[in-house]
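Have the sequence and the 3D view open while you read. The text below goes through the structure chain by chain and then turns to single residues.

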Amino acid sequence: MRVSEIFTPTSLIETLGLLRKHEDALLWAGGTEILRLRVARRPELPPTIVSLDKVPELRAIGRSDRALDLGAMSSLAQLSALGEGAVPEALAEAAAGVGTEGLRNLATLGGNLLGRERFGDLFPALACLDAIAEFRSASGSRWMAVGRLAGRDRKPLIPTGEILVRVRVPFDPWDLSLVRKIGYPLWPAADSGLFTCLARAAKGSLYEFRAALGGPLFLRDRETETELIGKRLPLQRRDIESARASWRNRFEEDGVGAPWIERFLAAVDESFDALRAGASR
Amino acid sequence: MPASKLADAATTPLSELRVPGMLHVVAVRSPVPRGALLGVELPRLGKDCRAVLASDIPGRNQVSSFGVAVPLLASNRVRYRGEAVALLVGPDLEALEELRDRTSVLVEEEAPFLDFGRFSSDQVLARRALRLGDSELAFSVASRIVEGDFEVGSQEHWYAEPQGAFAGFDYDKLLVVCGTQWPYHVRDTVAGALGVPPAEIIVRPGPAGPHLDGRIWYPSLMAAQAALAAWLSRRTVRFILPREEDFRVSPKRARYRASYRAALDGESNLSALEVSLALNVGAYGPLAEELVARACLGAQGVYACPNLSVKGYAVSTDTPPLGSLAGLGDAQSNFAMERIAERAAAASGSDPVEWRARNLLRKGSATPTGTPFGQTWPFDELAAALRRMSDFDRKRASFSLADRAGGAEGPWRGIGIAFARQLSGAFVGGSVPNSYSVEVELDKELSLSIRSSAVPGSASVERIWRESAAAMLALDPSDVTLEPPATGDAPNSGPSVLSRNVTIVASLIERACATVKRRRFREPLPIVARSTARVANPVTWTSDGAEGAPFEDAALGGAVVEIELDAWSLEPRATGIWLAVAPGRLHDERHARRSLENAAVLALSQCAWERLDPAPEGLGVEAYAGYRLMPLTAVPPIGIEFIPEGRRAPARGIGELPFDCVPAAFANAVSLAAGIDIDALPVEGELVAERIRPT
Amino acid sequence: MTIDFILDGADVSCRARATDRLSDVLAQEFPKACVGSDCRAGRCGRCVVLMDGKLALACLVPAFRVRGAEIVSPRAYARTEEGESVAAGFERAGVATCEFCTPQRILIAGLLLEEAAGADDRRILEAMQTVQCRCVEPSALVEGVRAAVELRSARKWPHAR
């Protein structure tokens with residue numbers, strides 16, 4: 001059996017150098033998803049593995065007035081442990097709901113965000129929060145919106161030859177922050193995912209509205225969200241019906257299966273209910 | 001290997017039991033579900049490894065269980081994917097696994113029997129029938145007929161530790177350690193396989209954990225495989241399955257299907273039942289007879305039915321052996337009958353509890369064997385306790401009003417009630433003798449030793465035994481010791497199933513102590529007394545019926561389950577469970593309460609979470625990855641009340657009651673919430689969604 | 001590769017493949033630690049350990065991540081003063097966990113006792129969910145942890161009532 005060669009770089013520059021040299025190297029963040037899905041005593045792994053745990057740049061957590069910077073190697077347990085007010089509520093809640101405690105201490109933000117087969121639970125939350133991610137490669141650094149890590153086919157789109165360094169999450173005040181986990185809570189499967197809805201009101205109208213569902217596919221439609229923005233609160237039945245129809249059409253056009261569309265619509269219904277309850281307070 | 005090394009075998013997990021120089025075992029398994037075994041092509045094994053094939057077995061190549069033989073290693077045919085055809089034995093487990101991966105099993109594949117919806121007579125391993133009165137006549141004059149088809153899926157035990165066994169030489173004896181419910185069965189199987197007298201084998205049961213009746217006979221098979229490896233290599237071996245392999249090849253719960261027709265008379269009471277039921281018992285069907293017998297006896301639930309026609313079949317298919325999981329077949333039929341009761345009550349406009357009370361099996365009503373029922377169950381008290389604890393009537397009325405069809409807003413909620421009985425601990429299938437013994441010895445220091453091969457399974461059961469013995473002889477419980485339940489030293493106390501530890505074994509200990517008490521001041525110490533229960537087989541089966549009194553000393557219990565359908569997924573989630581049980585004499589209330597609560601959690605998990613894909617021809621990694629236990633955080637509050645039965649009532653077996661009545665209560669609740677009939681378990685949100693959301 | 005780490009307070013060293021799971025390394029090379037390696041999928045929790053002070057599923061940790069780490073096995077933890085006080089709490093509450101999960105449950109309960117905020121019922125069950133053993137009902141685990149908390153505060157503040 002083939003033995004993998006492990007590199008443990010201690011700086012970002014060294015990591016990038018290794019990546020250039022070994023294009024097919026497997027980047028090992030927490031590794032929980034890699035090992036979870038290979039139950040053999042000796043898991044089949046690529047010949048080269050680059051372990052990211054000793055790269056200090058990937059571990060840094062910092063904050064300003066406007067945003068929180070999270071190193072890609074922050075553990076999910078760290079995210080939920082930063083405490084109320086230090087992390088946007090939706091992100092803390094999404095992180096706290098992943099797997100069990102023994103897993104959350106190992107699993108990382110980067111690993112969860114860059115799942116190849118499915119979207120991790122942090123993805124819809126970060127996308128709704130308008131988080132941006134910094135990727136580094138030998139040729140430099142670039143920032144991109146987290147939401148762009150979903151392809152047109154609504155499946156994960158993972159950049160290659162680059163490394164996710166950190167994620168910047170803006171602190172915006174939200175009147176509604178709703179996170180709902182779908183499916184079995186203890187580990188992901190084909191029918192599991194996470195829904196996030198964020199909304200903000202101003203002067204009696206809907207000022208901001210975002211709703212996304214991540215799982216095997218990523219369900220979000222900005223045009224429908226835009227249509228809702230500016231509507232008076234509480235939302236009229238016809239506004240809600242029109243938004244629902246718009247989401248349904250958009251997702252059906254893209255070939256999303258009926259169960260996922262139903263889940264999404266049930267989730268936005270709950271969000272609208274929560275908005276109404278908030279407005280009536 | 002000196003025996004002292006294994007002094008704590010009874011409490012040490014198998015994976016932690018090891019001695020220097022110990023060898024390991026891996027199994028080479030059939031890649032296909034059915035066919036003629038042409039041969040096994042082994043790679044070069046090296047000098048320290050060896051293979052064991054069926055032809056190497058010096059004695060009998062079988063474990064016999066309830067009259068059925070299962071091969072230890074397939075010899076000329078394979079009957080399920082994953083059936084062991086050879087063992088590889090050696091010092092390095094990883095090297096063995098690599099050798100196994102390079103081994104080819106040559107099979108001339110045949111089309112497997114996988115569907116038990118349609119089966120031929122040569123697939124029927126056991127059949128049982130019950131006939132009482134004239135059901136045809138009753139149906140012809142019935143004022144209403146209620147029907148239903150029911151299904152209960154296959155499920156996994158999810159042991160605390162996968163199945164395995166340890167075997168090694170202790171001077172001139174072969175010592176076997178495994179987590180078994182039935183040490184003497186292990187001993188006899190191992191002795192048979194090696195072709196040696198049973199006394200040459202000593203079995204020490206290791207911890208079995210929460211086994212859910214999955215360790216009745218399979219540990220004997222694994223012990224015999226480990227013993228063969230030890231015997232042929234003259235070394236100590238440990239054979240333990242990785243969890244994923246255990247999931248694929250060890251027995252699961254038998255799948256169940258039944259068609260029910262119930263006739264109601266002019267007062268809407270049950271006048272006749274026609275039931276046809278089948279259990280998929282997989283390859284060999286090692287518990288076929290007992291399962292089908294119990295399913296048939298359970299077909300009418302706790303109700304009186306003067307005209308009865310029940311036909312039951314245990315059907316063999318080419319899947320891994322399927323058998324017991326928390327009960328031996330009673331639970332599935334009770335689920336079906338309680339759904340019928342619910343429907344009968346609804347069809348006749350009766351209150352569900354009131355209909356059940358009216359139709360309850362009462363003292364003097366005919367049981368399915370024709371024998372009059374001899375007990376009076378405290379049904380009214382039990383039902384009243386359940387209604388009070390759960391606020392059943394108010395909730396049911398309020399949940400019934402929600403108009404789902406009219407688009408009423410969720411969350412949709414439901415509440416359901418169901419009742420069940422647990423038979424006494426005797427086997428009823430027909431061919432297994434019900435004979436058990438325990439022995440006690442009062443020595444000169446006035447210490448009492450209890451010897452029994454029954455596996456207590458928990459500290460509470462040990463305490464019950466010790467305390468009841470101490471009370472009989474006016475000793476301090478600390479002066480009572482329980483000897484390790486090894487074969488040879490301890491008499492055969494039968495398998496630890498069906499709550500026998502607190503019924504039969506506890507009462508045998510008390511009887512033996514009573515004998516000691518009688519002889520106490522007449523004879524010199526030490527005094528040894530043995531008590532044996534030869535429970536006459538409570539049922540004798542004929543071709544179309546049965547005789548006997550299987551319902552004697554049955555315990556009654558009931559459950560209410562309240563649920564809510566998840567607003568999006570429509571997955572039913574329990575929000576409350578209440579149990580009321582008539583336990584007879586209670587040895588230890590806290591223990592009983594905890595056991596019932598734990599059983600309720602497991603039963604609920606089986607109803608709402610644990611699904612094994614219906615393609616059992618070979619459970620793959622996907623089925624393993626997809627198998628879900630109920631998370632601890634999803635367990636609802638559980639209320640329990642015991643209903644006293646008077647001072648002379650015996651201690652009854654109650655540990656299985658939650659498995660018998662929670663499923664139906666759950667299905668009744670989901671049916672109410674969703675406005676559809678839930679007749680198959682486990683229940684999944686997708687299924688509910690498909691049926692209530694117009695497409 | 002050679003892996004040096006601290007196991008139950010002692011410096012240890014062993015040879016293993018870099019991608020072997022910590023659970024397998026412990027089960028094979030350090031049997032006295034009594035760490036299981038059953039499911040290799042992060043599910044059953046028989047392999048939980050403390051890794052650098054945090055609860056970790058050892059079957060999801062590759063050997064190359066263990067160099068220099070401090071690992072505490074549940075058995076060793078159960079023998080510490082903290083572990084023994086948790087066990088006493090479990091016993092007082094009559095919690096009958098089985099031979100397979102007791103040390104892991106004690107370890108998790110011990111960690112819960114360290115939490116500043118004090119764990120509520122949900123938090124207790126949330127943490128206990130790392131171990132999937134069917135031997136004990138959730139309410140007993142909650143009672144066990146509560147009893148352990150009481151015992152510990154009685155020891156810390158013997159005169160308080």
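## A walk through the chains

Start with how contacts are spread along chain A. Among the contacts in chain A with a separation of 6 or more, 64% are between residues 24 or more positions apart. The model is a predicted one, and every value here is computed from it.

What does the secondary structure of chain A come to? Chain A has 10 helices and 12 strands. Its radius of gyration is 20 Å, and the globule rule gives 19 Å for 281 residues; the two values are close, so chain A is as compact as a globular protein of that length. Taken along the principal axes, the box filled by the C-alpha atoms of chain A is roughly 60 × 40 × 35 Å.

Next comes the surface of chain A. Of its 281 residues, 57% count as buried. The accessible surface is about 12400 Å², and carbon and sulfur atoms hold 49% of that area. Chain A carries 39 positive and 37 negative charges, and the mean positions of these two sets are 1 Å apart.

The domain assignment divides chain A into domain 1 (5–51), domain 2 (56–170) and domain 3 (176–280). To place two of them in space, find the C-alpha centres of domain 1 of chain A and domain 3 of chain A, which lie 37 Å apart.

Chain C also has a domain assignment, with domain 1 covering 2–73 and domain 2 covering 80–156. How many residues does each of these domains of chain C bring to the contact? Domain 1 of chain C gives 10 residues and domain 2 of chain C gives 8 residues. The C-alpha centres of domain 1 of chain C and domain 2 of chain C are 23 Å apart.

Now turn to chain B. Its secondary structure consists of 16 helices and 30 strands. The radius of gyration of chain B is 26 Å, close to the 26 Å from the globule rule for 695 residues, so chain B is as compact as a globular protein of that length. Along the principal axes, the C-alpha trace of chain B spans about 75 × 70 × 50 Å.

Of the 695 residues of chain B, 64% count as buried. If you take the contacts in chain B between residues at least 6 apart in sequence, 82% of them join residues at least 24 apart. The accessible surface of chain B is about 24300 Å², with 49% belonging to carbon and sulfur atoms. Chain B has 73 positive and 84 negative side chains, and 4 Å separates the centres of the two sets.

One residue of chain B to look at is B:E156. It sits in the loop between strand 10 (144–152) and strand 11 (164–170) of chain B. Is B:E156 buried or exposed? Its relative accessibility is 3%, and buried means under 20%, so B:E156 counts as buried. Which residues is B:E156 in contact with, leaving aside its neighbours within four places in sequence? In chain B they are B:D246, B:F247, B:K252, B:L325, B:E610, B:L612 and B:Y627, and C:R134 of chain C is also in contact with B:E156. For a sense of distance, compare B:E156 with B:T540: they are 384 residues apart in sequence, and their C-alpha atoms are 32 Å apart in space.

The backbone of chain B has some details to look up as well. Where are the cis peptide bonds described here? One joins B:L525 and B:P526, with omega about -5°. B:P526 is in the loop between helix 12 (501–519) and strand 24 (527–535) of chain B. Another joins B:L681 and B:P682, also with omega about -5°. B:P682 is in the loop between strand 30 (680–681) and helix 16 (685–692) of chain B.

Finally, look at phi in two residues that are not glycine. In B:S268, phi is positive, near 65°. This residue is in the loop between strand 16 (255–264) and strand 17 (270–282) of chain B. With a relative accessible area of 11%, B:S268 is buried. In B:L446, phi is likewise positive, near 65°. B:L446 is in the loop between strand 21 (434–442) and strand 22 (448–451) of chain B. Its relative accessibility is 33%, so B:L446 counts as partly exposed.

Notes: Residues are numbered from 1 along each chain as its sequence is written. Chains are lettered from A and ligands numbered from 1 in the order in which they are written. This is a predicted model: local features need pLDDT of at least 70, side-chain atom pairs count only at pLDDT 80 or more; totals for chains, interfaces and linings use all residues. Side-chain values use heavy atoms; hydrogens and water are left out. Helices (H or I, at least four residues) and strands (E, at least two) are DSSP runs, numbered from the N terminus. The radius of gyration is taken over C-alpha atoms; the globule rule is 2.2 Å times the number of residues to the power 0.38. Buried means under 20% relative accessible area, exposed over 50%, partly exposed in between (1.4 Å probe, protein chains only). Contact means heavy atoms within 4.5 Å. Accessible areas come from the Shrake-Rupley method with a 1.4 Å probe; for residues, only the protein chains shown count as cover. Lys and Arg count as positive and Asp and Glu as negative; His and the chain ends are not counted. The place of a charge is taken as NZ of Lys, CZ of Arg, CG of Asp or CD of Glu. Domain bounds come from an automatic or database domain assignment.
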